[in-house]
Amino acid sequence: MVNEPLGAVVEAMFAPLRQVVQEPEVYVDPVRAPEPMLRWLAALLGGDDALPPDQRRRQLADAMAAHRRRGTVAGLTALIRLYGGTADITEGHDPQPWVRVVVTLADENLADALRDAVLISVPAHVRCEVDFVATP
């Protein structure tokens, strides 16, 4: 009788470890990873902790493709869309390369995080200006 409750305690203690051993791919898959593991994956892959979990999952699932497009108009457009925004992107040279990104963003609380993400995505030698306009 004494061993029965102790067995239940030991079983409860080792259940998470058993799951990791039986299904390790769950813990590195951004779509299926538990929330604490998702935060770790975001830190590892450069995900944005300011995003809600469902958007962060999409960001991490698309990390490799996003890295290949990083700094391009297509990459910036996809990044801004991830934050729930749209953008008008203009680029040029005079003589230094520059890019101007005008963003319409539904959730203004994400503006600072999005500005930082855009500035980090643009190559260092490119002058970048990010402006926000009110949602109509």
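This passage describes the helices, the nonpolar cores and the salt bridges of a predicted model.

Residues are numbered from 1 along each chain as its sequence is written. Because the model is predicted, local features need pLDDT of at least 70 and side-chain atom pairs count only at pLDDT 80 or more, while totals for chains, interfaces and linings use all residues; side-chain values rest on heavy atoms, with hydrogens and water left out. The mean pLDDT (the predictor's confidence in each residue, from 0 to 100) of the protein is 85, and 93% of its residues reach 70 or more. Helices (H or I, at least four residues) and strands (E, at least two) are DSSP runs, numbered from the N terminus. Among these elements, strand S2 has the highest mean pLDDT, 96, and helix H1 (residues 3–22) the lowest, 73. As a friendly reminder, where pLDDT is low, the predicted coordinates should not be read in detail.

A good place to begin is helix H6, residues 111–121. Its buried residues (under 20% relative accessible area, with exposed meaning over 50% and partly exposed in between; 1.4 Å probe, protein chains only) are Ala111, Ala113, Leu114, Ala117, Val118 and Ser121. These residues cover an arc of only 160° around the axis, taken from the directions from the helix axis to the C-beta atoms, and therefore sit on the same side of H6. The face turned away from that buried side carries the exposed residues Asp112 and Ile120. The cover over the buried residues of H6 includes helix H5 (73–82), strand S2 (97–105) and strand S3 (127–133). Serine 121, in helix H6, counts as buried because its relative accessibility is 15%. Beyond residues up to four places away in sequence, serine 121 touches Arg70, Gly71, Leu76 and Leu79 (contact means heavy atoms within 4.5 Å).

Helix H5 can be read in the same way. Gly75, Leu76, Leu79, Ile80 and Leu82 are buried in H5. Seen down the axis, they fall within an arc of 155°, so they line one face of the helix. The buried residues of H5 pack against H3, helix H4 (63–69), strand S1 (85–93), S2 and H6. After H5 comes glycine 84, whose phi is positive, near 85°.

The next topic is the nonpolar cores. In soluble globular proteins, nonpolar side chains tend to be buried together. A nonpolar core is a set of buried Ala, Val, Leu, Ile, Met, Phe, Trp, Tyr and Cys residues joined through side-chain atoms within 4.5 Å. In the largest core, which has 20 residues, Tyr83, Val101 and Val118 touch the most other members. H5, S2 and H6 each supply at least two residues of this core, and H6 gives the largest share, five residues. Valine 101 touches Leu76, Ile80, Ala87, Asp88, Ile89, Val118, Glu129, Val130 and Asp131, with residues up to four places away in sequence not counted. Apart from the largest core lies another, of five residues, among them Ala33, Leu38, Ala42 and Leu60.

Charged pairs complete the description. Side chains of opposite charge can pair when their charged atoms come close. A salt bridge is a side-chain nitrogen of Lys or Arg within 4 Å of a carboxyl oxygen of Asp or Glu, and by this rule the count comes to six. One of these joins glutamate 35 and arginine 39, at 3.7 Å from N to O. Both residues lie in helix H2 (residues 35–45), four residues apart, about one turn of the helix. Glutamate 35 is partly exposed at 24% relative accessibility, as is arginine 39 at 44%. Glu35, Arg39 and Arg56 are linked in a network of salt bridges. Arginine 56 belongs to helix H3 (residues 53–61) and counts as buried at 4% relative accessibility. Leaving aside neighbours within four places in sequence, arginine 56 is in contact with Glu35, Leu38, Arg39, Ala42, Asp48, Asp49 and Leu51.

Two further pairs deserve a look. Aspartate 62 forms a salt bridge with arginine 69, with the closest N and O atoms 3.1 Å apart; aspartate 62 is partly exposed at 32%, and arginine 69 is partly exposed at 26%. Glutamate 129 forms a salt bridge with arginine 100, with the closest N and O atoms 3.0 Å apart. Glutamate 129 lies in strand S3 and arginine 100 in strand S2, so this pair ties together parts that are 29 residues apart in sequence. Glutamate 129 is partly exposed, with a relative accessible area of 40%, and arginine 100 is partly exposed at 35%.
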